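Trainee: I have the entry open and would like to talk it through with you. Can we go piece by piece?

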Amino acid sequence: MRNLKKNVISACVAAVTMGGTAVAQAADSVNVAFFLEWATPNQIAKVDKTYDEAMGVDVKWTNFSTGVQMTEAMLAGDIDIAYSQGLAPFVTAIQQGAPIKMVSVAVIYEANDCFVNNGLGINSSNASELEGKTVAVPLNTMADFAFRKYMQVLNVDTSTMKIVDQAPADGAVSLAEGSVDMACIFGGDSAKKAGEVGTPIMSSQQKRDAGIGSFDVVSVTEKFATANPGLLRTFLEVTHEANANWKGNAEQVNKVAADAGMDYATTKNQMSGFIFPTAAEQKEQFFGPDGVAVAAAESLGLVFKRPGAWNVDQKIAKVITGEYLD
Amino acid sequence: MLEWLSDNRAVVAAIIILLLVGSFFASIIYGIKQTRLREKDQVFGDPERTVGGWFWAVCGVSTLLLVWFYFSWGSARAFFPQAANELCQVAKLHEAVSPVTSSLAIDSRYSKSKTLLVRNSRQLAELRDRLPVNAFSPADAALVTGVMQNTQQLISIMATPDFVGAATIAELEKIKAGYAAITNELAKPRQGWSPDPAALAQPSWGISEPEIPLLPISARGAMYDALAVEAASLSEDFLKIRNLSPAAKDLISETKATIAALKKSQSPNESDPAIVKDRADYLKSVDRIFKRIDDGTIFPAVVMADMQLAVEAMLDRAEKAKGGLRYVEALFFPGGDIVKSRTQCTEQGPGRWLPKPTDVVATFFGLANPDVENGGGYKGTTLLWWKWLPISDVVSILIPDSLIDLLPGDYGQLNDKGEFEANYKDWMLGLAQGDVYLGVVPMLDGHIWDSLFRVLVAMFFGVLLGVPLGIYMGVSRFYKSFFDPMIELYRPVPPLAWAPLILTIFGIQDDGKIFLLFMVAFAIMVISARTGASGAQLSKIRASHSLGASDRQILRYVILPNALPEIMTGIRISIGVCWGTLVAAEMLAGTTGVGFIENVARTVSDYELIWVTILIMGSLGLAFDLMMRWVISQLIPWRGKG
């Protein structure tokens with residue numbers, strides 16, 4: 001009995017001290033969050049350990065399924081850098097007061113599509129017929145943001161629609177089955193299924209003309225950025241180097257495909273829609289004065305506004321910085 | 001009224017907490033008295049011992065609420081409404097000094113200089129070992145080795161106190177003096193600091209976003225706020241200091257020239273692209289390490305020791321200057337702290353993920369406000385309200401459209417004048433489609449009602465079909481053997497696994513969600529009814545049989561009453577599980593419902609909303625359970641007394 005008590009006490013002491021030192025550990029490993037099935041050239045640097053070598057520390061990669069989970073892990077102190085977090089989860093995290101910031105753009109891609117059931121014969125020219133129809137949207141995601149933007153551009157009143165919250169895979173099923181008239185989808189596989197029975201409400205060209213696009217960001221915890229600006233700079237530098245070295249040849253695609261957990265064709269197809277802006281381009285277009293990053297984040301913040309919870313005094317501009325890009 | 005309550009949350013919470021503490025102790029005292037009074041009359045194990053005891057329920061609820069208030073920092077906000085703001089100012093000072101502390105051995109075990117030195121030396125050694133011999137000519141190889149040696153030497157120069165330039169020492173001294181000045185300010189009794197009128201006009205802690213007012217509202221806070229600005233400028237100066245002595249500078253320019261020359265010269269095996277790539281990669285690695293060192297951010301430990309002492313002294317003093325705030329922080333902010341980020345101060349730890357009870361109540365009232373146009377409800381639907389339901393809508397559900405097609409005659413046609421002549425069949429179709437006005441009835445509406453409706457309908461069918469089947473399975477060999485494999489096969493499958501199938505079969509309307517819940521309820525009802533039926537005492541069945549009862553009478557008067565306790569327990573369990581499955585069911589195609597609110601709130605980490613939905617589901621489950629207990633006490637009063 002006495003022994004047990006002693007053991008319990010020593011275990012508690014150990015737990016307390018471990019809890020204390022966990023916070024105080026030096027950055028000898030950097031924890032990075034990423035998505036599977038989201039192919040990016042820097043996965044070559046990841047596989048080749050270029051990051052580890054260039055930064056001089058162990059870089060540990062952990063995959064996540066949503067950007068919200070990335071935020072949660074950053075708050076819990078398990079993740080330092082989130083590579084390719086969606087803009088939507090980043091903005092909602094800032095709205096909730098999370099101490100993180102955006103330091104770079106990871107990838108620019110075409111806005112997620114909203115597929116209209118082929119049987120309805122609705123396209124961008126007669127989009128107002130969508131009023132009163134049922135739409136499947138994964139709420140509070142980039143697809144939701146794209147949906148609101150499309151409807152704004154096409155002058156459709158969303159308040160007349162019945163909006164159903166569905167994950168992309170479910171939305172594709174419901175579209176095929178005919179219980180929803182339009183489904184907004186992200187993710188290659190679901191989009192392919194939805195494309196079988198539906199047509200995007202706006203073409204790629206129309207989206208570009210209307211200025212509707214999406215991008216994923218590189219976000220970091222404030223703590224990591226203050227304590228290790230050098231490591232962060234090197235991380236971004238290696239990422240941009242990997243982007244610059246990207247030639248899209250079979251060897252490279254195979255390497256990325258293996259790491260992303262997809263087959264060759266899907267990877268190739270997915271990456272054909274991606275743009276990876278260079279550091280100079282980012283500084284000019286995204287993080288300069290009147291940069292796209294702040295504008296997009298602010299307009300997204302307004303779309304997902306919670307009544308009374310968000311004061312739009314350009315607060316979000318303060319957590320978006322290109323200073324680590326040089 | 002509600003607004004007044006909301007603005008004075010702290011006071012309201014303080015009163016509630018005091019009441020809770022009071023009821024906690026009062027209930028314990030009363031409970032002990034009651035126990036003493038009765039303990040002699042009752043035998044241990046007697047079910048009568050569990051009857052009554054509301055005072056212990058009060059005690060339990062008070063404990064739960066007090067724990068909630070405490071760990072959500074609700075009690076901190078109630079009794080020390082300024083504490084968060086003051087801690088925010090302290091956090092500002094910590095944030096300001098963090099670039100310096102992170103390069104000293106304060107936040108970490110080792111100083112950054114030491115980490116850089118060890119890490120880069122190790123990498124240099126590794127690099128030297130894997131020099132690709134065939135990629136470099138002997139002369140180039142010597143040059144590369146020289147570069148690495150120079151880099152190593154550069155590290156040594158920077159880490160040696162003798163080589164540190166006088167200018168660098170002077171700059172460091174200036175910063176140390178700056179910290180000493182701040183330490184002095186902190187040591188003085190607070191004077192000359194006063195909060196700004198603009199700061200005092202800020203909404204208090206938790207009333208609006210940002211959660212914690214940023215500007216200092218107390219003299220102590222104002223002091224930390226001002227000193228944080230000074231510390232921030234010192235940090236900025238510190239980051240600019242480079243440990244580059246003349247010797248180091250010479251070495252750097254020499255090495256740079258060598259690297260440039262190496263990059264220009266060619267490999268002896270220029271024809272092999274693999275070797276060319278090897279060479280380029282190797283040079284890049286060497287260059288990278290060199291560039292990391294030539295910033296001059298490595299300092300000798302001796303030089304930095306004083307700096308470390310200065311910063312530590314300042315932080316120590318800053319901790320002491322908190323005064324009573326230290327105890328408030330330790331006692332009332334369990335498990336986390338106030339963190340200053342770029343734009344705001346936020347609660348991190350339980351204060352973040354466990355919203356304060358008063359805030360949860362405020363969010364609940366916001367949701368419960370039926371005025372949807374003015375921000376009430378959630379996503380355009382009230383939480384629980386009523387509306388006029390057209391009777392035709394109900395009729396249209398009961399009459400399928402295809403039934404009208406079977407009626408004799410044709411639908412109306414356009415006549416020669418281009419007008420539409422409707423006949424009786426068109427009218428019937430209108431009825432079937434809900435287009436005919438038949439009057440309205442008041443009906444409940446809102447998220448809670450929608451969820452409740454789904455659960456109740458699922459339970460209704462679950463009981464209606466599950467109980468008879470279960471009883472027959474308990475008494476008949478055919479029913480038991482025929483249905484057993486089917487039910488046992490689907491029962492263990494989690495409801496979420498059915499989701500994609502159900503979506504395809506039923507679509508996005510209520511029927512799919514109800515079916516998912518029904519499957520859960522049905523399996524539980526079958527099993528409990530079967531257990532109840534097969535558990536009927538054989539002697540009772542034999543007795544009634546020998547008294548001439550028919551099979552039907554045995555079923556109705558012997559087996560069913562015997563199975564009732566099990567069936568009732570089954571209903572209790574399945575209602576609970578149905579509420580639990582609701583979140584999954586409403587994830588299929590969310591339009592309304594408590595589970596839908598929860599699913600959306602989760603995507604934005606809105607903890608207050610998440611807790612509101614958890615509490616709504618919990619209290620509805622509790623209400624149903626209490627109801628069922630009452631029904632059980634009325635229906636089977638003999639239970640436990642046989």
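Trainee: Which residues are buried in H2(B)?
Mentor: Please keep in mind that this is a predicted model. In H2(B), the buried residues are Arg9(B), Ala10(B), Ala13(B), Ile17(B), Leu20(B) and Ser27(B). As a general point on such lists, an α-helix has 3.6 residues a turn, so residues three or four places apart point the same way.

Trainee: And what span should the 30 residues of that helix have?
Mentor: At 1.5 Å a residue, helix H2 of chain B, which covers residues 9-38, should span 44 Å, and its end C-alpha atoms are 42 Å apart, which agrees with that expectation.

Trainee: Zooming out, how many helices and strands are there in chain B?
Mentor: Chain B has 27 helices and four strands. Its C-alpha atoms fill a box of roughly 115 × 80 × 75 Å along the principal axes.

Trainee: What radius of gyration does chain B have, set against a compact globule?
Mentor: The radius of gyration of chain B is 38 Å, whereas a compact globule of 642 residues would have one near 26 Å. Buried residues make up 34% of the 642 residues in chain B, and among its contacts with a separation of 6 or more, 78% are between residues 24 or more positions apart.

Trainee: Switching to chain A, what is the strand order in the sheet of six strands?
Mentor: The order is S2-S1-S3-S10-S4-S11 (chain A), in an open sheet with mixed pairing. Its edge strands are S2 (58-64) and S11 (274-275) of chain A, each of which pairs on one side only.

Trainee: What about S10(A), is that strand buried or exposed?
Mentor: Eight of the nine residues of strand S10 (residues 213-221) of chain A are buried, so the strand is largely enclosed by the rest of the structure. S10(A) is joined by five bridges to strand S3 (residues 81-86) of chain A, and the two run antiparallel; within that pair, Tyr83(A) has Val218(A) as its bridge partner. S10(A) also pairs with strand S4 (residues 100-110) of chain A, again in the antiparallel sense, over nine bridges, and there Ile100(A) is partnered by Thr221(A).

Trainee: Where does the parallel part come in for S3(A)?
Mentor: That is with strand S1 (residues 29-35) of chain A, which is joined to S3(A) by two bridges and runs parallel to it; Ala33(A) stands opposite Ala82(A) in S3(A). Helix H11 (residues 229-244) of chain A packs on this sheet, where it touches S1, S3, S4 and S10 of chain A, and its direction makes about 5° with that of S4(A).

Trainee: There is a sheet of five strands too, so what order does that one have?
Mentor: It is an open sheet with the order S7-S6-S8-S5-S9 (chain A) and mixed pairing. S7 and strand S9 (198-200) of chain A stand at the edges with a single partner strand each, so one side of each is left without a neighbour in the sheet. From one strand to the next, the twist averages 25°.

Trainee: Which helix packs on it?
Mentor: H7(A) packs on that sheet, touching strand S5 (113-117), S6, S8 and S9 of chain A, and its direction makes about 155° with that of S8(A). S8(A), residues 182-185, pairs with S6(A) in the parallel sense over two bridges, with Ala183(A) as the bridge partner of Ala136(A).

Trainee: Any odd backbone angles, for instance what is phi at Asn140(A)?
Mentor: Phi of Asn140(A) is positive, at about 60°, although this residue is not a glycine. Asn140(A) sits in the loop between strand S6 (134-137) and helix H6 (142-153) of chain A, and it is buried, with 23 other C-beta atoms within 10 Å. For context, most residues other than glycine have a negative phi.

Trainee: And where is Trp73(B)?
Mentor: Trp73(B) is in the loop between helix H3 (54-71) and helix H4 (74-79) of chain B. Its phi is near 65°, a positive value in a residue other than glycine, and Trp73(B) is buried, with 28 other C-beta atoms within 10 Å.

Trainee: Last topic, how many residues does the contact take from each chain?
Mentor: The contact takes 37 residues from chain A and 39 residues from chain B. On the side of chain A that touches chain B, the residues divide into 15 nonpolar, 12 polar and 10 charged.

Definitions and conventions. Residues are numbered from 1 along each chain as its sequence is written. Chains are lettered from A and ligands numbered from 1 in the order in which they are written. This is a predicted model: local features need pLDDT of at least 70, side-chain atom pairs count only at pLDDT 80 or more; totals for chains, interfaces and linings use all residues. The expected span of a helix is 1.5 Å times one less than its number of residues. A residue is buried if 20 or more other C-beta atoms lie within 10 Å of its own, exposed if 12 or fewer, and partly exposed in between; C-beta atoms are placed from the backbone. Two residues are in contact if their C-beta atoms, placed from the backbone, lie within 7 Å. Ala, Val, Leu, Ile, Met, Phe, Trp, Tyr, Cys and Pro count as nonpolar, Asp, Glu, Lys and Arg as charged, and the others, Gly among them, as polar. Two strands pair if DSSP finds at least two bridges between them. Axes are lines fitted to C-alpha atoms, for helices over the stretch in contact, and angles run from 0 to 180 degrees between N-to-C directions. The radius of gyration is taken over C-alpha atoms; the globule rule is 2.2 Å times the number of residues to the power 0.38.
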